[in-house]
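Work through the exercises below with the sequence and the model open. Each task is followed by a solution in steps.

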Amino acid sequence: MVAACGGNDAPAADALPSAIDATACDPSRSERTVNVGSVSLNVAFEGCAQSTIVFLHGFPEIAYGWAGVTNALADEFRTIAPDQRGYNTSDVPGNVTDYE
């Protein structure tokens, strides 16, 4: 699943989740841990453009599966690809019901 924001419909930097620093960017691929409430997610970032595309992986992939696409789009977009809960180095919930 891919979600995109751009043009006049793009949210202002202060409308993005506070866990993601909208002012920090890296033209090359970088990963860091982002705390989202009680969960820490590994998130890959690439590009510094004003428009942002968020890439969400499915089962059984990880964010790195998008690396070729994010690299190709990094000149025109800021790309964000999180590892979902329980994948790669993101937090693993203790119970199945914690995924809800």
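**Exercise 1. The aromatic pair**

Task: Search the whole structure for aromatic pairs, and say how many there are. Then classify the geometry and locate the partners.

Solution.
- Step 1. The model is predicted. A search of the whole structure gives one aromatic pair.
- Step 2. The rings belong to Phe55 and Trp66, and their centres are 4.9 Å apart. The planes make an angle of 45°. Planes under 30 degrees apart would count as stacked, and over 60 as edge-to-face. The pair of Phe55 and Trp66 is therefore tilted.
- Step 3. Phe55 sits in strand β4 (residues 52-55). Trp66 sits in the loop between β4 and α1. The pair therefore ties together parts that are eleven residues apart in sequence.
- Step 4. Phe55 has a relative accessibility of 3%, so Phe55 counts as buried.

**Exercise 2. The overall layout**

Task: Count the helices and strands of the protein, and give the order of the elements from the N terminus on.

Solution.
- Step 1. There are one helix and five strands.
- Step 2. Read from the N terminus, the order is β-β-β-β-α-β.
- Step 3. Take the contacts with a separation of 6 or more. Residues 24 or more positions apart account for 58% of these contacts.
- Step 4. The protein has 100 residues, and 28% of them count as buried. The exposed area is about 6,300 Å², with 53% supplied by carbon and sulfur atoms.

**Exercise 3. The nonpolar cores**

Task: List the residues of the largest nonpolar core. Which strand gives the largest share of this core?

Solution.
- Step 1. The largest nonpolar core has six residues: Val34, Val39, Leu41, Val43, Phe45 and Ile80.
- Step 2. Strand β3 (residues 39-47) supplies the largest share of this core, four residues.
- Step 3. A second, separate core has five residues, among them Ile53, Phe55, Ala63 and Ala81.

**Exercise 4. Helix to strand**

Task: Find what Leu73 touches, leaving out residues up to four places away in sequence. Then decide whether Thr79 is buried or exposed.

Solution.
- Step 1. Leu73 belongs to helix α1 (residues 67-73). Its relative accessibility is 25%, so Leu73 counts as partly exposed.
- Step 2. Beyond its sequence neighbours up to four places away, Leu73 touches Ile53, Phe55 and Thr79.
- Step 3. Leu73 and Glu46 are 27 residues apart in sequence, yet their C-alpha atoms are 8.7 Å apart in space.
- Step 4. Thr79 is part of strand β5. Its relative accessible area is 1%, so Thr79 is buried.
- Step 5. With neighbours within four places set aside, Thr79 contacts Ala44, Phe45, Glu46, Ile53, Phe55, Thr70 and Leu73.

**Exercise 5. The segment after β5 and the loop**

Task: Which residues does Tyr87 touch, not counting those up to four places away in sequence? Also inspect the peptide bond from Phe59 to Pro60 and phi of Asn88.

Solution.
- Step 1. Tyr87 is in the segment after β5. With a relative accessible area of 21%, Tyr87 is partly exposed.
- Step 2. Outside the excluded sequence neighbours, Tyr87 touches His57, Phe59, Pro60, Glu61 and Ile62. The C-alpha atoms of Tyr87 and Phe59 are separated by 9.2 Å, with their positions 28 residues apart along the chain.
- Step 3. Most residues other than glycine have a negative phi, and most peptide bonds are trans.
- Step 4. The bond from Phe59 to Pro60 is cis, with omega near -5°. Pro60 is placed in the loop between β4 and α1.
- Step 5. Asn88 has a positive phi, near 50°. Asn88 lies in the segment after β5 and is partly exposed, at 44% relative accessible area.

**Exercise 6. Charge and surface**

Task: How many salt bridges does the structure hold? Which residues make the nonpolar surface patch of about 340 Å²?

Solution.
- Step 1. Side chains of opposite charge can pair when their charged atoms come close.
- Step 2. The structure holds one salt bridge. It joins the side chains of Arg29 and Glu31, at 3.3 Å from N to O.
- Step 3. Arg29 counts as partly exposed at 25% relative accessibility. Glu31 is also partly exposed, at 42%.
- Step 4. Val92, Val96 and Tyr99 make the patch. Val92 lies in the segment after β5 (78-82). Its relative accessibility is 60%, so Val92 counts as exposed.

Notes: Residues are numbered from 1 along each chain as its sequence is written. This is a predicted model: local features need pLDDT of at least 70, side-chain atom pairs count only at pLDDT 80 or more; totals for chains, interfaces and linings use all residues. Side-chain values use heavy atoms; hydrogens and water are left out. Patches are made of residues with over 30% relative accessible area and no salt bridge: like charges are joined within 9 Å, nonpolar side chains (Val, Leu, Ile, Met, Phe, Trp, Tyr) within 5 Å. Accessible areas come from the Shrake-Rupley method with a 1.4 Å probe; for residues, only the protein chains shown count as cover. A salt bridge is a side-chain nitrogen of Lys or Arg within 4 Å of a carboxyl oxygen of Asp or Glu. Helices (H or I, at least four residues) and strands (E, at least two) are DSSP runs, numbered from the N terminus. Buried means under 20% relative accessible area, exposed over 50%, partly exposed in between (1.4 Å probe, protein chains only). A nonpolar core is a set of buried Ala, Val, Leu, Ile, Met, Phe, Trp, Tyr and Cys residues joined through side-chain atoms within 4.5 Å. Contact means heavy atoms within 4.5 Å. Rings of Phe, Tyr and Trp (its six-membered ring) pair if their centres lie within 6.5 Å; planes under 30 degrees apart count as stacked, over 60 as edge-to-face and the rest as tilted.
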